Amino acid sequence: MPLKTCTLIEKIALTHDVYELHYELPVSTSMLPGQFITFIMKGIGGRSYSILELIDDKIAVLVIKKWELSDGGRGGSIKLCDAELWEVFQFVGPAGHFTLSEGMKNRLFLGTGTGLVPLYNQILEWLKRETDEKYQLVFGTRFMEDLYYIDRFEALKEKYPNRFYFHLVVSREDWEWIINKGYVTDFLSSKVVSQYDEYYICGAPAMIESCLQKLSNLWVSDKQIFFEKYS
Ligand SMILES: Cc1cc2nc3c(=O)[nH]c(=O)nc-3n(C[C@H](O)[C@H](O)[C@H](O)COP(=O)(O)OP(=O)(O)OC[C@H]3O[C@@H](n4cnc5c(N)ncnc54)[C@H](O)[C@@H]3O)c2cc1C
């Protein structure tokens with residue numbers, strides 16, 4: 001895959017450690033919803049990031065969590081999130097197979113943290129099509145302050161009242177009377193799985209494993225499940 005360059009042109013803090021970053025691409029680019037690009041950084045190596053949105057085929061919008069540097073870490077997300085506007089980066093892509101299948105299907109999307117990114121892109125793309133398929137997003141974080149894009153979900157729900165639904169869950173918040181406490185897997189039940197044809201899951205490996213286990217216990221076939229592990 002050829003190495004290309006892109007320029008950071010906008011940076012928005014979504015939470016205390018998650019940033020929305022806009023990169024201008026050198027040439028008009030196409031992608032499938034759910035795909036990612038991989039930055040190649042000197043002294044760090046390759047770091048992949050899902051694409052939230054591709055504006056006019058020229059601006060890739062990414063959402064990146066800034067991880068603290070720890071033993072063995074190389075600080076790729078720190079370099080990207082601390083970059084100044086107009087800094088130039090090298091990347092390859094878009095690439096990836098975490099894309100939506102064809103056909104009319106009701107789909108359940110399960111994401112935690114920045115695992116929301118490819119799911120959002122997929123949901124947005126499919127809602128634009130004039131069908132009556134239903135999409136439900138279950139989005140989880142550890143604390144309420146880690147949630148982001150709630151206004152976007154509200155706007156989608158208003159625009160597509162009978163097609164898009166969302167459910168938020170936090171795992172470590174004490175304010176249980178305000179928000180659902182628990183994990184995204186808690187949403188899965190036999191009643192829920194009877195309503196969906198396909199499942200799209202993205203986030204940390206442990207979360208994916210828990211979802212796969214629970215779906216398997218509920219007799220959902222592997223063929224109905226698609227996932228991307230952020231590792
Ligand atoms: C296909 C793909 C798409 C991805 N898309 C995104 C995206 O859209 N947004 C995004 O923020 N990230 C995404 N990631 C993760 C990203 O590629 C990096 O792994 C992440 O930014 C950490 O890189 P780093 O160089 O900062 O970590 P390092 O400096 O190498 O590590 C820093 C510390 O963070 C810990 N750490 C890093 N990632 C995780 C994790 N997932 N869970 C627990 N601990 C962790 C490390 O163990 C280490 O202690 C994606 C990964 C893949 C494979």
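**Two domains and a ligand**

The domain assignment splits the protein into domain 1 (4-95) and domain 2 (107-229). The model is a predicted one. Between the C-alpha centres of domain 1 and domain 2 there are 23 Å.

Start with the contact between the domains. On one side, 13 residues of domain 1 take part; they are in contact with eleven residues of domain 2. Look at the domain 1 side. Here β4 and β5 are the elements that give two or more residues to the side touching domain 2. β4 gives the most, with four residues. By residue class, this side of domain 1 holds seven nonpolar, four polar and two charged residues.

Now turn to the ligand. Its shell draws residues from both domain 1 (4-95) and domain 2 (107-229), so the ligand lies between the two. In total, 24 residues surround it. The closest are Trp-67, Gly-73, Gly-76, Ser-77 and Thr-114.

Which elements each supply at least two residues of this shell? They are β4 (45-55), β5 (59-65) and α1 (76-81). Two of these names have come up before: β4 and β5 also give residues to the side of domain 1 that touches domain 2. The shell around the ligand is mixed in character. Its residues comprise eleven nonpolar, nine polar and four charged.

Taken together, the picture is of a ligand between two domains, because both domains give residues to its shell. Strands β4 and β5 serve the shell, and they serve the domain 1 side of the contact with domain 2 as well.

How values were computed
Residues are numbered from 1 along each chain as its sequence is written. This is a predicted model: local features need pLDDT of at least 70, side-chain atom pairs count only at pLDDT 80 or more; totals for chains, interfaces and linings use all residues. A residue is near a molecule or strand if its C-beta atom, placed from the backbone, lies within 6 Å of it. Ala, Val, Leu, Ile, Met, Phe, Trp, Tyr, Cys and Pro count as nonpolar, Asp, Glu, Lys and Arg as charged, and the others, Gly among them, as polar. Domain bounds come from an automatic or database domain assignment. Two residues are in contact if their C-beta atoms, placed from the backbone, lie within 7 Å.
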